[in-house]
Amino acid sequence: MAQNLADPALWPAPHAHGAVDATVHVPGSKSVTNRALVLAALASEPGWLRRPLRSRDTLLMAGALRAMGVGIEEGVGPDGTGEAWRVLPAGLRGPATVDVGNAGTVMRFLPPVAALADGPVRFDGDPRSYERPLNGVIDALRVLGARIDDDGRGALPLTVHGGGALDGGPVEVDASSSSQFVSALLLSGPRFNQGVEVRHTGATLPSVPHIRMTVDMLRAVGAQVDTPESGGEPNVWRVTPGALLGRDLTIEPDLSNAQPFLAAALVTGGKVLIPDWPSRTTQPGDRLREIFTEMGGSCALTDQGLVFTGSGAIHGIDVDLGDVGELTPGIAAAAALADSPSTLRGVAHLRLHETDRLAALTKEINELGGDVTETADGLHIRPRPLHGGVFHTYEDHRMATAGAVIGLAVKDVRIENVATTAKTLPDFPELWTGMLGS
Ligand SMILES: O=C(O)C1=C[C@@H](OP(=O)(O)O)[C@@H](O)[C@H](O)C1
Ligand SMILES: C=C(OP(=O)(O)O)C(=O)O
């Protein structure tokens, strides 16, 4: 493909001239912020979110809840320090219109909330949102008593005809295409008349830590949740009906968005400190401590945060990423620069993410001279010397950050539409150049 190197939509990915040595303050977690917004909106009293992520996905979530009548005031926190949002729950209203963009959390977590509204709520979004699976949520809500108009494809666009309340009760869901089906039903479950019992019937279940995040956050606002881990049946979660508390919650940094910065230390043999790395978390990004260590780095959790140090060597890895699928693009980028091949497994469902991530990674790394093949459930990556070129992002924030990691080691990589990082990390280009000291 002919490349227009002067195209302003092509961001010249900075090439690292030495080992990075930086402290990077990573903004709040998308997954925690959007769960916190939903739970605060469903609570019986006001609550605070401190250090929320302000990005496309979280602003879409806030906008959607506002459209249904919830008050969300953006400002500083109760003690006057740092950004904080005050959430003022109210009777959920329809008619309303929700733009989900391409946010899985918005398109899956909000239809159950809309079923509690007192009128119709119309859901629409980016073209890609029409292709991402929603059948688990739509079918389950119908079983639980909701009326939904859709075009029969099990996807957006659709209208949920909120009836002011929902029966709830037991429901079976095949969540093998997205853990968010389970999280969605559990989050609103305390507000259903009979609560909810979700039974996953599929053969595989991706992103289980994200379901644990849902359960932990529900419990933190007073919900009673029984889980497979708490002695319940495998693949069954039960939420008892009850009121939710309004809390004052500080949002953890987004550990999946810390990934490119940790990868920078790995790739350049440098050192990166991520302040406020939680000592205990359900975020999948915490697995990077282990994965990037196996790939050649080392890390220490200190009072200052996580210190990750590269050794100069990058090793290939054979790893099942089913629990932590959203880390795949960044791991693939590092693997393409490694000294031995890698096999990334357990992530067939990535074909249904922001883009088909397995196809996109294969194509873009190979166009820079790489040797990547798709498998049924992942990628084989055989490192080869790469050359510069345009790295297309397919409106996928994690493709853009993966391309930036490759650009550290490969001259003249240009990222098409780096602005797509705004989905979860609007300041990415500035944080990246700041890390590099340029
Ligand atoms: O619940 C969440 O916050 C998420 C769950 C996961 O979705 P899938 O289970 O669809 O992979 C993850 O990939 C996504 O980035 C965020
Ligand atoms: C899969 C992702 O997002 P979403 O919440 O839109 O599913 C992701 O952020 O990697």
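In this short talk I will go through three residues that appear in binding-site annotations, and describe where each one sits in the structure.

Please keep in mind from the start that what we are looking at is a predicted model.

Let me begin with the record, where an unreviewed UniProt entry lists, under "binding site", Lys30, Ser31, Arg35, Ser178, Ser179, Gln180, Ser207, Glu326 and His353. Another annotation with that name, also from an unreviewed entry, covers Lys30, Gly104, Arg132, Gln180, Arg357, Arg398 and Lys423.

Where, then, does Ser179 lie? Ser179 is found in the loop that runs between strand 10, residues 169–173, and helix 5, residues 180–188. Ser179 counts as buried because 26 other C-beta atoms lie within 10 Å, and the cut-off for that word is 20 or more. If we set aside the neighbours within four places in sequence, Ser179 is in contact with Leu205, Pro206, Ser207, Val208, His210 and Ile211, and of these Ser207 is itself listed in the record.

Moving on to Gln180, we find this residue in helix 5, and Gln180 is buried too, since it has 26 other C-beta atoms within 10 Å. Not counting residues up to four places away in sequence, Gln180 touches Gly104, Thr105 and Arg108, and Gly104 is one of the residues covered by the annotation that includes Gln180.

Finally, which helix holds Arg398? Arg398 belongs to helix 11, which spans residues 397–409, and Arg398 is buried because 31 other C-beta atoms lie within 10 Å. Beyond its neighbours up to four places away in sequence, Arg398 touches Glu326, Pro329 and Gly330, and Glu326 is among the residues that the record lists.

Methods. Residues are numbered from 1 along each chain as its sequence is written. Chains are lettered from A and ligands numbered from 1 in the order in which they are written. This is a predicted model: local features need pLDDT of at least 70, side-chain atom pairs count only at pLDDT 80 or more; totals for chains, interfaces and linings use all residues. UniProt positions are given in the numbering used here, feature names are shortened, and annotations may be inferred rather than shown by experiment. Helices (H or I, at least four residues) and strands (E, at least two) are DSSP runs, numbered from the N terminus. A residue is buried if 20 or more other C-beta atoms lie within 10 Å of its own, exposed if 12 or fewer, and partly exposed in between; C-beta atoms are placed from the backbone. Two residues are in contact if their C-beta atoms, placed from the backbone, lie within 7 Å.
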